[in-house]
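Q: Can you walk me through this fold? I'd like to start with how the strands pair up.

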Amino acid sequence: MAVPAEFDHPFAFDIRLRTGTDGRVLDAVGELDHDTGPLFNAAVDSALDTSSVLRELVIDMSRVAFCDSCGLNALIRAHLKARETGMELHLLNPTGPVAALLRRTGVNHVLRVSPDPAEARSAQEDSRIL
């Protein structure tokens with residue numbers, strides 16, 4: 001018996017945790033949607049370990065090709081969970097489609113979003129000066 005086509009390819013989303021110089025970084029790859037939101041939520045929950053002294057959770061969105069309303073909901077949930085634990089959520093380098101969704105919905109005004117690492121560091125340094 002043949003395996004159905006939808007089960008014949010790798011999972012459409014992957015997310016890995018690493019520690020960066022200023023905090024924890026989740027590297028997301030693929031499509032953030034209804035099917036992959038629970039995996040994203042679990043990774044965020046794991047990254048927001050309250051025993052950490054780190055104050056920021058960065059989600060590198062540079063390889064997220066697609067995000068729907070369920071994915072957007074997962075990002076907002078991550079933001080709220082981060083605030084509950086005293087951390088700041090930072091979306092780094094969202095792809096064109098994801099950045100457009102953030103702008104269209106106004107979520108880019110709620111979440112901290114930076115187009116590239118250099119700009120993110122510059123914005124962080126500016127906020128320390130003020």
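Q: How do β4 and β5 pair, and over how many bridges?
A: They pair in the parallel sense, over 3 bridges. Keep in mind that this is a predicted model.

Q: Which residue in β5 is the bridge partner of His90?
A: Arg112 in β5 is the partner of His90.

Q: OK, next pair. How many bridges join β3 to β4?
A: There are 5 bridges between β3 and β4. β4 covers residues 88-92, and the two strands run parallel. For one position, look at Asp60, which stands opposite Leu92 in β4.

Q: What about β2 and β3, how many bridges there?
A: Those two are joined by 8 bridges. β2 is residues 24-32, β3 is residues 56-67, and they run parallel. One of the places to look is Gly30, whose bridge partner in β3 is Val64.

Q: So what is the strand order in the whole sheet?
A: The order is β1-β2-β3-β4-β5. It is an open sheet of 5 strands, and the pairing is mixed.

Q: Which strands are at the edges?
A: β1 (13-19) and β5 (112-114) are the edge strands. Each one pairs on one side only.

Q: And how much does the sheet twist from one strand to the next?
A: The twist averages 20° from strand to strand.

Q: Switching to helices. Which strands does α2 lie across?
A: α2 lies across β2, β3 and β4. Relative to β4, α2 runs at about 145°.

Q: What unit do β3, α2 and β4 make?
A: Together they make a β-α-β unit, and it is right-handed.

Q: And where does α3 lie?
A: Helix α3, residues 96-105, lies across β3, β4 and β5. Its direction is at about 110° to β3.

Q: Now α1 and α2. At what angle do their axes cross?
A: The crossing is roughly 15°, and the axes come within 10 Å. α1 is residues 37-47 and α2 is residues 69-84. That angle makes α1 roughly parallel to α2.

Q: Is that crossing left-handed or right-handed?
A: α1 passes α2 in a right-handed crossing.

Q: Which residues meet there?
A: From α1, you have Phe40, Asn41, Val44 and Asp45. They meet Ala74, Leu75, Arg77, Ala78 and Lys81 in α2.

Q: How many of those contact residues are nonpolar, polar or charged?
A: The contact of α1 with α2 has 5 nonpolar, 1 polar and 3 charged residues.

Technical notes
Residues are numbered from 1 along each chain as its sequence is written. This is a predicted model: local features need pLDDT of at least 70, side-chain atom pairs count only at pLDDT 80 or more; totals for chains, interfaces and linings use all residues. Side-chain values use heavy atoms; hydrogens and water are left out. Axes are lines fitted to C-alpha atoms, for helices over the stretch in contact, and angles run from 0 to 180 degrees between N-to-C directions. Helices (H or I, at least four residues) and strands (E, at least two) are DSSP runs, numbered from the N terminus. Angles under 35 degrees count as roughly parallel, over 145 as roughly antiparallel, 65 to 115 as roughly perpendicular and the rest as oblique. A crossing is left-handed if the near helix is turned anticlockwise from the far one by less than a right angle, and right-handed if clockwise. Contact means heavy atoms within 4.5 Å. Ala, Val, Leu, Ile, Met, Phe, Trp, Tyr, Cys and Pro count as nonpolar, Asp, Glu, Lys and Arg as charged, and the others, Gly among them, as polar. Two strands pair if DSSP finds at least two bridges between them. A crossover is right-handed if, with the strands pointing away from the viewer, the path from the first strand over the helix to the second runs clockwise.
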